[in-house]
Amino acid sequence: MSFGSYLAGNWQDLLKLTVQHLLLVLVSVAIATVIGVALGVLTYQTAAPRAFVLAVTGIFLTIPSFALFGLLIAPLGLGYTPAVFALVMYALLPIVRNTITGLREVDSAVTESARAIGMGRWRRLAQVEVPLAWPVIITGIRVATLLDVGIAAIAAYVGGPGLGHDIFDGLDRIGFPVAFNLALSGTLGVIVIAIVLDIFFMFLGRFTTPRGIRG
Amino acid sequence: MADVSSHASTSPGEAMIRLDNLEKHYPGQARPAVATLSMEIPEGEIVILVGPSGCGKTTTLKMINRIIEPSGGRIFLQGEDVTTTNADELRRRIGYVIQQVGLFPHQTVAANVGVVPKMLGWDKRRIANRVDELLELVGLEPGRYRDRYPKELSGGQNQRVGVARALGADPPVMLMDEPFGAIDPINRARLQNEFLRLQEEIKKTIVFVTHDIDEAIKMGDRIAILSEESRIAQFDTPSNILANPADDFVENFLGAGPSVKRLTLSQVGEIELNSWPTVQAGVSGEAIGEAFRRCDDDFLLVLDGQHRPKGWLARADSGRVQSTDNPLPILSPVTSQSTLFDALNIILQSYSTAAVVVGEDGAYRGTLDLERLRALIHVEQEAQLPTAAADQQDARHRS
Ligand SMILES: Nc1ncnc2c1ncn2[C@@H]1O[C@H](COP(=O)(O)OP(=O)(O)OP(=O)(O)O)[C@@H](O)[C@H]1O
Ligand SMILES: [Mg+2]
């Protein structure tokens, strides 16, 4: 069966998996953004906690994905939960690191003025520091998203949703003609999602960056 | 939240700011940045902290609004001990202007200027009115600049917005750390003049840091000359300091030419101007020749139809017919806010021997020449040194 006729016959399944994949990534990145930005905000000012958070999230990223998914089966079982958990872990480093970098790069004259005007700690963060660090933070989120789009394919290994199912099915059937079609359609789906999300983030970054600091 | 202006005002005779044995030791530093500093800053005055680099001016200034928390001593604002009160509330009563300006780059000029009123919970209309009023005050046309971002303004314009932001909720006190330090000399003089004019209107109590003694003399009602560790070497009015430096340190710091420096103390507007022979632009060569014959000066000042100075016309060899078409340029005219020091500078650069003084409308008011400045310096010196002058007179009488 040619790849074209395979697609024609299976597009509904493929679309369903693609949507699942996309949602899995978006949910994971959303959670990672909340945790990562919070960690960045809490640690960027003091050297030791900052180094600690970066080291730990850095280690997460070096764990091979198969191993991590496998390790998560024991505490979290199969399915959606371990998939999201792992993807959040992988997405943390780029987000935390860029949050810290972005906040530390804010001009000290600006933060000092904010202080001198009588802005309290949280108002300063919300109204001055985070908006100014935002272009750097959103770049971190974008990188984390692309990373997760690829790794999410492995989530099928622990019974998670997404295009990994097609890819793993294909790998299971090596030698049969359908194997190639399955693996290729899964892979193409992943690539399409990556491109779409990348473009989405480019626009999001542009529209959420205040006009006064747009390049 | 209450308005800043509703805070108790200073009772008569009370200093607006009082620093009582203020100290700052930075951790890990052997010597204190500020040893023990006590001083009183009277209401409505500009007090300048001036001293060599690293002597602790910035540290001292930042302890007043507790951007830097003192290691010891007390700070009183309007008689109230604010050493340990809520720092954010204290800071809303104190405007703050720094060399790097530190405007919020992601907010418009209007949002920057309105930031303190907004924090104080003013309604939108009142904030908008206040913003326009402040922009006018610092010489920025609201309609034109309100919606711009800081990156769309020049350095000098940004600094004006910085001053407007500091004035946001009409705080009684302003702290300024080398506010004009990053501005080129010509614009700096303009901003200084504008600021002095502004101060006549707003009458704030201002603590102003600079390391430039000329700026200190020009801007200050009172100057504190600081040495290492923010020790006060002398705290007095500029003219007293120039006349009687307390010690060698102060004398050295004042540098050469105290009589020239005294020129910074007076503005052109305060003295009577000379008049200079003028001709109307466009008159005939004969009329020019006639004008030159009637005066001893080597230059005529050419005025245009609106009475604005156009340039200098130099006396030519007899017999040559002149026209007013291409006079020598004036370079830069002086206004009534310029200091006599600015005027001297311009005289020295001028093609003629005088600086041309113009009004706000650019119309010719008069001139100021070297002789006039020399005479002023002598008069002031005699006024400052009555005994010395009297001694000289005695000596002359006796001889
Ligand atoms: N955060 C800091 N930590 C440690 N030492 C500091 C700190 N800030 C300033 N100092 C030291 O305190 C002293 C006074 O510094 P300060 O900035 O008040 O000087 P200044 O008079 O404003 O100098 P300048 O004219 O160069 O601005 C200097 O010796 C400086 O090195
Ligand atoms: Mg300084």
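# Notebook: chain B and its salt bridges

**Entry 1, the whole chain.** I began with burial, and buried residues make up 50% of the 399 residues in chain B. A note to myself: this is a predicted model, so I read each value as computed from it. Next I looked up the secondary structure and found 16 helices and 15 strands in chain B. I then checked the extent of the C-alpha trace, which spans about 80 × 65 × 40 Å along its principal axes.

**Entry 2, contacts and surface.** I looked at contacts in chain B between residues at least 6 apart in sequence, and 63% of them join residues at least 24 apart. For the surface, I noted that chain B exposes about 18,800 Å². Carbon and sulfur atoms supply 46% of that area.

**Entry 3, charges.** I looked up 42 positive and 55 negative charges in chain B, and their mean positions are 5 Å apart. A reminder from class: side chains of opposite charge can pair when their charged atoms come close. I found a count of 22 salt bridges over all chains, and I picked a few to look at.

**Entry 4, B:Arg315 and B:Asp298.** These two side chains meet in a salt bridge at 3.4 Å, N to O. I traced B:Arg315 to the loop between strand E13 (309–314) and helix H14 (340–349), and B:Asp298 to the loop between helix H13 (285–294) and strand E12 (299–303), so the pair ties together parts that are 17 residues apart in sequence. I checked exposure too: B:Arg315 is partly exposed, with a relative accessible area of 34%, and B:Asp298 is also partly exposed, at 46%.

**Entry 5, B:Asp304 and B:Arg308.** Here I found another salt bridge, with 3.3 Å from N to O. Is B:Asp304 buried or exposed? I got 13% relative accessibility for B:Asp304, and buried means under 20%, so B:Asp304 counts as buried. Its partner B:Arg308 is partly exposed, with a relative accessible area of 35%.

**Entry 6, a pair in one helix.** I moved on to B:Glu371 and B:Arg374, whose side chains meet in a salt bridge at 3.7 Å, N to O. Both lie in helix H15 (residues 370–384), three residues apart, which is about one turn of the helix. B:Glu371 counts as exposed at 53% relative accessibility, while B:Arg374, at 48%, counts as partly exposed.

**Entry 7, a network.** Last, I looked for salt bridges that share partners, and such bridges join B:Arg31, B:Glu228, B:Glu229 and B:Arg231 into one network.

Note on methods:
Residues numbered from 1 in each chain as written. Chains lettered and ligands numbered in written order. Predicted model: local features only at pLDDT ≥ 70, side-chain atom pairs only at ≥ 80, totals over all residues. Heavy atoms only, no water. Helix = DSSP H or I, 4+ residues; strand = E, 2+ residues; numbered from the N terminus. Buried < 20%, exposed > 50% of the residue type's maximum accessible area, 1.4 Å probe, protein only. Contact = heavy atoms within 4.5 Å. Areas by Shrake-Rupley, 256 points an atom, 1.4 Å probe, with all protein chains shown as cover. Lys, Arg positive; Asp, Glu negative; His and termini not counted. Charge placed at Lys NZ, Arg CZ, Asp CG, Glu CD.
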